[in-house]
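I sat down with this one to look up a pocket, a few single residues and the nonpolar core. Here are my notes, in the order I made them.

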Amino acid sequence: MSNPYDSVYSSAALEALTEHFDLGADLYKFWGSPRSVLRALLLGWARAGHPSHLHYAWDLETAPSLDHAILETTRRAVAFLDLEGCAQPHLFEPGCGIGGGVTQVAAMLPQAKVTGLSLVRSQLDVGRAMARARGLTNTEFVQGNYLRTAFPDAHFDGIFAIETLVYTPIVERPALFGELFRILRPGRTLVCFEGYRLRNPANADEREWIQDVLDGWTIPLPATTREFEEAGRRAGFEVLLAEDATQHIYQSALRISAIATSALSPLAQIARLPLLGALVRPLGFRSPRHAQRFVAACRSQLKVFDAGLSAYFLHVFRKPRQQGELAVHALATPQ
């Protein structure tokens, strides 16, 4: 399996991720309820009221709308942060994307300060614009690398990461957890929702599906849950919860594949035409090649789940209050 980059520290990572979001960020506008999609296409991210999340939706089959289910994933993550007794929490989202999570949590918890970090400057510009449009004064957007931040030790009361740590190559997971451990206050939690590798591909079709996802979403090969948890433990974290949540996002994976087939693929074909292509390029199809790879990823992610190559997990890690402390309680799944 070829990776788009070997290190988050590398210039190749910055170039690959910047290109991905500069060329295709608008493609994510199609990930929302029809009204939100239309408003985002016409008005842009900041004024649309679009969820602005680039992650799977939670329990879509029972949700009032796709927008609601997308936002529910973040609500679930925040519910695990265990903020009891923290009147004015300072929360952190590493790899915050275009700021959907930061702005949602800032609106949910007006007493909190929510800081987001991204390598990609254009993403932060979108996040700041959304925060201003929504009248939020408790957000902060910082450009940087989450393997080595400028934040002081024990700076945050909670860290939530939804499909963002997957951008770290497996060999750099120890450095990632070391940094997140350093900047989290003792006794507080790190919550992660990520896709993980369950097994190696058995044939050419399975190798192609995995490569489609890596190429189209510009991510390195994901870790296994065991690799991920072990990296957390070595940094000093306790693993409070490790739960296969694939069933909760599976309908969302189906919807992503359906949107790719019914909307994105026809538009990507139009983008290749000399004259008509100009009409759809502002919708996220400035690069027909990038759009085709994105469509392939949206389709193949479902095949990867169906073949048992990957699973979606919820992890909750806790930084002990003091050296050598053991976890003495278990977390219940929020209802």
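The entries below go through what I looked up in this predicted model.

**Entry 1: the largest pocket**

I began with open space. The largest pocket holds about 190 Å³. I then listed its lining and found 13 residues, with Glu19, Thr218, Arg289, His290 and Arg293 nearest the centre of the pocket. Three elements each give two or more residues to this lining: helix H1 (11–24), helix H8 (204–217) and helix H12 (288–306). I also sorted the lining by residue class, which gave four nonpolar, five polar and four charged residues.

**Entry 2: Thr189**

Next I turned to Thr189, which sits in strand E5 (residues 189–197). Is Thr189 buried or exposed? Thr189 is buried, because its relative accessibility is 1% and the cut-off for buried is under 20%. I wanted to know what its side chain reaches, and found the backbone oxygen of Phe80 at 3.3 Å. Phe80 also turns up in the contact list of Thr189, once neighbours within four places in sequence are set aside. Leu81 and Asp82 are on that list too, along with Gly158, Ile159, Leu184 and Leu240. Val316, Phe317 and Arg318 complete the contacts of Thr189.

**Entry 3: two positive phi angles**

I stopped at the loop between helix H3 (45–48) and helix H4 (66–79), where Ser52 lies. Ser52 is not a glycine, yet its phi is positive, at about 60°. With a relative accessible area of 2%, Ser52 is buried.

Asp59 is also in the loop between H3 and H4. Its phi is positive as well, at about 50°, and Asp59 is not a glycine either. I checked how accessible Asp59 is: at 18% it counts as buried, because the limit is under 20%.

**Entry 4: the largest nonpolar core**

I finished with the core. In soluble globular proteins, nonpolar side chains tend to be buried together. Here the largest nonpolar core has 99 residues. Which of them touch the most other members? My notes say Leu264 and Phe285. Helix H10 (residues 246–271) gives the most to this core, with nine residues.

I followed Leu264 a little further, leaving aside its neighbours within four places in sequence. Leu264 is in contact with Phe285, the other residue I had just written down. Its remaining contacts are Leu27, Phe30, Ile259, Phe294 and Val295.

Note on methods
Residues numbered from 1 in each chain as written. Predicted model: local features only at pLDDT ≥ 70, side-chain atom pairs only at ≥ 80, totals over all residues. Heavy atoms only, no water. 1 Å grid on protein atoms, 1.4 Å probe; cavity = no way out; pocket = protein on both sides within 12 Å on 5 of 7 lines; lining within 4 Å. Points joined across faces, edges and corners; volume = space filled by probe spheres on them. Helix = DSSP H or I, 4+ residues; strand = E, 2+ residues; numbered from the N terminus. Nonpolar A, V, L, I, M, F, W, Y, C, P; charged D, E, K, R; others polar. Buried < 20%, exposed > 50% of the residue type's maximum accessible area, 1.4 Å probe, protein only. Polar contact = N/O pair within 3.5 Å; in protein donor to acceptor, adjacent residues only side chain to side chain. Contact = heavy atoms within 4.5 Å. Core = buried A, V, L, I, M, F, W, Y, C linked by side-chain atoms within 4.5 Å.
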